[in-house]
Amino acid sequence: MLIREATAADLPFLELIVLEAYNWSGPRFTLDWVRADPMAQRYLDGFPGPGDLGVVAAVDGHDVGAVWGRALPADRAGYGFVAPDIPELTAGVVPCARGRGIASALLSALIDLARQGGRPGLSLSVEDGNAARRLYERAGFVVTGREGNSDTMLLRL
Ligand SMILES: CC(C)(COP(=O)(O)OP(=O)(O)OC[C@H]1O[C@@H](n2cnc3c(N)ncnc32)[C@H](O)[C@@H]1OP(=O)(O)O)[C@@H](O)C(=O)NCCC(=O)NCCS
């Protein structure tokens, strides 16, 4: 597996990963829905902007997963917003590549990048019941807020 920094050229793949994140509990949403949803687009539009960072994993030349963070202003915040200088993460791995440590490796690479860049922290939103929570807890994220049926988690760096 190769991990590289995400660029604007990765946006079509990141869009697929947003769809995976929205569909973590089953096929509830379509790509057309993601394209039309203003909240979903906040994780994609203009990436990478100032303060954004991301990594993509590829196996045999095929993209299999990505973790990226958006440093968005409060008036364009995502579900897991904490502060404008704390990038909010989206994470996902294509279904056929799950359970092999790819998300763990991506998250660890992203945390290293964020540390090197002097970021004060990283945040995210995780819905009740999503096993991804374990991944985040292992990396040191702690619950810092609640919105609907989701927890906001924060990793201070
Ligand atoms: C969550 C997700 C990114 C994990 O990717 P992965 O590469 O399979 O993860 P890893 O192999 O590094 O395992 C890390 C943790 O992910 C979870 N996980 C592993 N395989 C999984 C699977 N097939 N389905 C769901 N969660 C899984 C487990 O909690 C695992 O921790 P554990 O080993 O202590 O049980 C992936 O299942 C996914 O893309 N899910 C849909 C999108 C999503 O939910 N994104 C997060 C939104 S907050």
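1. The largest cavity first: in this predicted model, its volume comes to about 50 Å³. With a threshold of 30 Å³ or more, the count is 1 cavity.

2. What lines the largest cavity? Tyr-43, Arg-70, Leu-72, Gly-78, Phe-81, Val-82, Ala-83, Ile-86, Glu-88 and Ser-123 do. By residue class, that lining splits into 6 nonpolar, 2 polar and 2 charged. The charged pair is Arg-70 and Glu-88, while Gly-78 and Ser-123 make up the polar part.

3. Now the largest pocket. About 1,000 Å³ of space lies in it. Its lining runs to 37 residues, and those closest to the pocket centre are Ala-21, Trp-24, Ala-91, Asn-130 and Ala-132.

4. Which elements build that lining? Those giving two or more residues are α1, β4, α4, β5 (121–127) and α5. Of these, β4 gives the most, with 6 residues. Sorted by class, the pocket lining has 19 nonpolar, 9 polar and 9 charged residues.

5. As for what sits there, the space taken by the ligand is this largest pocket. Two or more residues of the shell around the ligand come from each of α1 (11–22), β4 (88–93), α4 (102–116) and α5 (132–139). Here α5 supplies the largest share, 5 residues. So keep the two tallies apart when you look at the site: β4 leads for the pocket lining, and α5 leads for the ligand shell.

6. The shell around the ligand holds 21 residues, and Gly-99, Gly-101, Ser-104, Arg-134 and Arg-138 come nearest. By class, the shell divides into 10 nonpolar, 6 polar and 5 charged residues. Arg-134 and Arg-138 are among the charged ones.

7. Have a look at the backbone contacts to ligand oxygens, too. For Gly-99, a backbone N or O atom lies 2.6 Å from an oxygen atom of the ligand. Gly-101 has a polar backbone atom 2.7 Å from a ligand oxygen, and a backbone N or O atom of Ala-131 also lies 2.7 Å from an oxygen atom of the ligand. Each of the three pairs counts as a polar contact because the cut-off is 3.5 Å.

8. How much of the ligand does the protein cover? On its own, the ligand has 860 Å² of accessible area, and the protein covers 77% of that.

How values were computed: Residues numbered from 1 in each chain as written. Predicted model: local features only at pLDDT ≥ 70, side-chain atom pairs only at ≥ 80, totals over all residues. Heavy atoms only, no water. Near = heavy atom within 4 Å. Polar contact = N/O pair within 3.5 Å; in protein donor to acceptor, adjacent residues only side chain to side chain. Areas by Shrake-Rupley, 256 points an atom, 1.4 Å probe, with all protein chains shown as cover. 1 Å grid on protein atoms, 1.4 Å probe; cavity = no way out; pocket = protein on both sides within 12 Å on 5 of 7 lines; lining within 4 Å. Sits in = over half its atoms within 2 Å of the grid points. Helix = DSSP H or I, 4+ residues; strand = E, 2+ residues; numbered from the N terminus. Points joined across faces, edges and corners; volume = space filled by probe spheres on them.
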